Amino acid sequence: MPNWKLLAEQVFRGEDITDQEALAVLDSPDEELLELLHSAYLVRKQYYGNQVKLNMIINTKSGFCPENCGYCAQSRDSGAPIQKYRMMDKNTIIEGAEQAHRLKSGTYCIVASGRGPSKRELDIVTSAVKEIKDNYDMKVCACLGLLKPEQARQLKEAGVDRYNNNINTSEQHHDNITTSHTYHDRVSTVNHAKEAGISPCSGVIIGMKESKQDVIDMARALKELDADSIPVNFLHAIDGTLLEGTDELTPTYCLKVLCLFRFINPTKEIRVSGGREVNLRSLQPLSLYPANSIFVGDYLTTAGQEGTKDHQMLEDLGFEVDYVTTEETV
């Protein structure tokens with residue numbers, strides 16, 4: 001096993017960790033977990049101190065998705081009993097921004113199911129974003145599926161700060177999760193956002209029967225993409241989806257994954273995302289030693305932890321909310 005403190009110092013020098021070192025992180029014995037977390041925290045502290053970024057999602061369109069993603073309750077192949085509705089109106093999206101503001105969220109994430117946005121859906125989102133930016137000093141992130149270059153430019157002109165399109169898994173494992181679009185479709189969308197001047201957000205879902213090498217490859221792919229924000233989701237398998245009953249994760253393994261992502265992407269926002277409540281359980285607070293960002297409120301089709309409990313957790317840890325204004329770098 002590597003010396004974890006020396007591994008952190010290697011990262012500080014700008015040196016990439018090797019695949020052997022990365023695998024050692026994921027395979028590390030649980031009795032070394034606190035030392036591993038401390039070393040990841042030293043890297044996190046170097047770039048983010050004790051501050052935590054808060055993000056809130058609004059699911060503006062639920063279900064009716066033509067894609068066949070095996071993890072998703074909104075997929076065309078899913079039999080999960082979820083609430084389905086078409087695109088929300090502009091005013092409802094704006095009301096969500098008020099809730100995000102009350103929860104001290106620095107980023108408001110506007111999400112919609114589907115392969116990509118229709119003209120009508122894009123017009124609703126851009127109209128809402130313009131009004132939100134006029135009234136609230138917060139970042140707006142959009143997650144509307146696959147984008148064309150002209151759609152990315154329209155979002156930028158409306159004031160969208162960040163665009164999310166997760167790679168979700170490794171290129172090698174992608175076809176085991178979905179076949180209705182390609183891994184490169186997702187990478188292209190992230191690049192279209194970057195070319196339009198929008199900050200790229202892309203992350204993963206851990207626990208979808210991938211190998212440990214897949215996890216390492218995901219972290220490296222996001223480094224190559226230069227994603228500014230990296231949501232790390234942990235599969236919350238929903239009955240009725242193709243991955244129903246999958247339960248591969250332990251709280252300690254989830255923490256090791258977060259440490260790995262911090263070592264490979266030391267300067268980036270690492271966000272503990274969907275599934276943290278059911279997979280990290282009582283170890284949730286420890287996730288913020290390698291990570292520096294969380295979602296508050298609910299996710300797309302599953303409930304999150306109450307926002308007040310998240311704020312209490314941060315206070316108990318001695319961390320501070322990093323309410324980044326849109327005047328700062330995104």
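# Exercises on a predicted model

F319 is buried, with a relative accessible area of 8%. Buried means under 20% relative accessible area, exposed means over 50%, and partly exposed lies in between (1.4 Å probe, protein chains only). The model is predicted, so local features need pLDDT of at least 70 and side-chain atom pairs count only at pLDDT 80 or more, while totals for chains, interfaces and linings use all residues. Residues are numbered from 1 along each chain as its sequence is written, and side-chain values use heavy atoms, with hydrogens and water left out.

## Exercise 1: aromatic rings

Find the aromatic pairs and say which parts of the chain they tie together.

*Step 1. Apply the rule.* Rings of Phe, Tyr and Trp (its six-membered ring) pair if their centres lie within 6.5 Å. Planes under 30 degrees apart are stacked, over 60 edge-to-face, and the rest tilted. The rule gives two aromatic pairs.

*Step 2. Take Y41 and Y289.* Their centres are 5.5 Å apart, with 70° between the planes, and the pair is edge-to-face.

*Step 3. Place them.* Helices (H or I, at least four residues) and strands (E, at least two) are DSSP runs, numbered from the N terminus. Y41 lies in helix α3 (residues 33-48), and Y289 lies in the loop between α10 (276-280) and β9 (293-296), so the pair links parts that are 248 residues apart in sequence. Y41 is buried at 12% relative accessible area. Y289 is partly exposed at 25%.

*Step 4. Take Y289 and F319.* The ring centres are 5.7 Å apart and the planes stand at 65°, so this pair is edge-to-face. Y289 is in the loop between α10 and β9, and F319 is in the loop between α11 (307-317) and β10 (320-321), so the pair ties together parts 30 residues apart in sequence.

*Step 5. Join the pairs.* Y41, Y289 and F319 make one aromatic cluster.

## Exercise 2: charges over rings

Which residue lies over the face of F319, and which has its charged end over the ring of F64?

*Step 1. Set the test.* A charge sits over a ring if NZ of Lys or CZ of Arg is within 6 Å of the ring centre and within 35 degrees of the ring normal.

*Step 2. Check F319.* R44 lies over its face, 4.9 Å from the ring centre.

*Step 3. Check F64.* The charged end of R86 sits over this ring, 3.8 Å from the centre.

*Step 4. Place F64.* It is in the loop between β1 (51-61) and α4 (90-102). F64 is partly exposed, at 37% relative accessibility.

## Exercise 3: phi angles

What is phi near in F64 and in N168?

*Step 1. Recall the background.* Most residues other than glycine have a negative phi.

*Step 2. Read the values.* Phi of F64 is near 60°, which is positive in a residue other than glycine. Phi of N168 is near 70°, also a positive value in a residue other than glycine.

*Step 3. Place N168.* It sits in the loop between β4 (162-164) and α7 (183-195). N168 is buried, at 6% relative accessible area.

## Exercise 4: two packed helices

At what angle do helix α5 (residues 119-135) and helix α6 (residues 149-158) pack?

*Step 1. Fit the axes.* Axes are lines fitted to C-alpha atoms, for helices over the stretch in contact, and angles run from 0 to 180 degrees between N-to-C directions.

*Step 2. Read the geometry.* The angle is about 25°, and the axes are 8 Å apart. That makes α5 roughly parallel to α6. Under 35 degrees counts as roughly parallel, over 145 as roughly antiparallel, 65 to 115 as roughly perpendicular, and the rest as oblique.

*Step 3. List the contacts.* Contact means heavy atoms within 4.5 Å. Residues of α5, including L122, V125 and V129, meet residues of α6, among them L155 and A158.

*Step 4. Look at L147.* It lies in the loop between β3 (139-143) and α6. L147 is buried, at 5% relative accessible area. Leaving aside neighbours within four places in sequence, its contacts include P117, L155 and H192. L147 and P117 are 30 residues apart in sequence but 7.6 Å apart in space, C-alpha to C-alpha.

## Exercise 5: helix α9

Compare the expected span of helix α9 (residues 251-264) with its end C-alpha distance.

*Step 1. Compute.* The expected span is 1.5 Å times one less than the number of residues.

*Step 2. Compare.* The 14 residues of α9 should span 20 Å, and the end C-alpha atoms are 20 Å apart, which agrees.

*Step 3. Check burial.* In α9, 14 of the 14 residues are buried, so the helix is largely enclosed by the rest of the structure.
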